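User: Could you take a close look at the ligand site for me, and walk me through what surrounds the ligand?

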Amino acid sequence: MRSVIDIMDLSVEEIDSLTETAESIIKDPAAFSDRCRGKKLATLFYEPSTRTRLSFEAAMYELGGQVIGFSEASNSSVAKGESVADTVRVVGCYADIIAMRHPKEGAPLVASRYSSVPVINAGDGGHNHPTQTLADLLTIKREKGGFDGLTVGLCGDLKFGRTVHSLISAMSRYKNVRFVMISPSELRIPDYVKINTLDKNRIPYTEVTDLESVIGELDVLYMTRVQKERFFNEADYIRLKDSYILTSEKLAGAKADLSVMHPLPRVNEISTDVDSDPRACYFKQVLYGKYMRMALILMLLGV
Ligand code: NCD
């Protein structure tokens, strides 16, 4: 029994194989429509989500499986005080695999220690979001042909943005990748990511506060939302929320083959006039996320 809590739980070879499976599904979805017949996915979402939960659910349905779960902790026994450990022990009696999102960092890891079925981390607090990274990796692979030698700009809330933390871990395993971190000084990448991933692997990176001065260097620009729900102080959120707004005008200074990505939901970070630019990839990311989740479910269920 195997869980995926951190993107580093998957080797580069396994990510390649998930990517291959996702590409086979894209080519011939009908060939996969029965693979999970008789299997159930439980989505345990203790924190709001549209994409991730529906993406997991659509993924399981498209594999011929079924879905149970809750989308709000207040709808479940958690409201009565049940622990994550007990909830997963119970849910393991009903489902073959669990996708869990939780506001507390580490909760899906704890769940995986008590669960009799695989647990997938669907986002834990400001920490990690490995299946968003799978979506991001398939997008980068299809847009750029591979990962080596890319200059990746990460822009916005790099402190609380869990998708950024997982993406940095995953990309740190490819050759000659360079990061340009663009954020207000209050929302810089956490030290643990710098020390444990960037410095440890000698990955070059720069930290800047201005997007326009670096946009021309980038192969990928990964925009993120300022994570309102992680702020202690509303005034700080209001001050920082519109730090970066990508517009068509700003894109004029970018490479012709830049890939603009965003895990969504978007608030104001990307102006809607960018949506029709061929460099905008964020809606493709959503679709690829479903195929990568299908591939991951197949892998973890061994079917
Ligand atoms: C992200 C998340 O939940 O971390 N959304 C998602 O899963 N695609 C990003 C965000 O909420 O800003």
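Analyst: Happy to! A polar side-chain atom of Thr52 sits 2.8 Å from a ligand oxygen atom. Two further pairs belong with this one: a side-chain N or O atom of His129 is 2.7 Å from an oxygen atom of the ligand, and for Arg101 the corresponding distance is 3.1 Å. Polar contacts here are pairs of N or O atoms within 3.5 Å. Of the 310 Å² of accessible area that the ligand has on its own, the protein covers 94% (Shrake-Rupley method, 1.4 Å probe).

A word on the basis: this is a predicted model, where local features need pLDDT of at least 70 and side-chain atom pairs count only at pLDDT 80 or more, while totals for chains, interfaces and linings use all residues. Residues are numbered from 1 along each chain as its sequence is written, and side-chain values use heavy atoms, with hydrogens and water left out.

Now the wider shell, meaning residues with a heavy atom within 4 Å of the ligand. Among its members are Arg51, Gln132, Arg162, Arg225 and Leu264. By class, the shell holds three nonpolar, five polar and four charged residues; Ala, Val, Leu, Ile, Met, Phe, Trp, Tyr, Cys and Pro count as nonpolar, Asp, Glu, Lys and Arg as charged, and the others, Gly among them, as polar. Helices α2 (51-62) and α6 (162-171) each provide at least two shell residues (helices are DSSP runs of H or I with at least four residues, strands runs of E with at least two).

Pro265, also part of the shell, lies in the loop between β9 (259-261) and α10 (282-301). The peptide bond joining Leu264 to Pro265 is cis, with omega about 5°. Most peptide bonds are trans.

Key
Polar contact = N/O pair within 3.5 Å; in protein donor to acceptor, adjacent residues only side chain to side chain.
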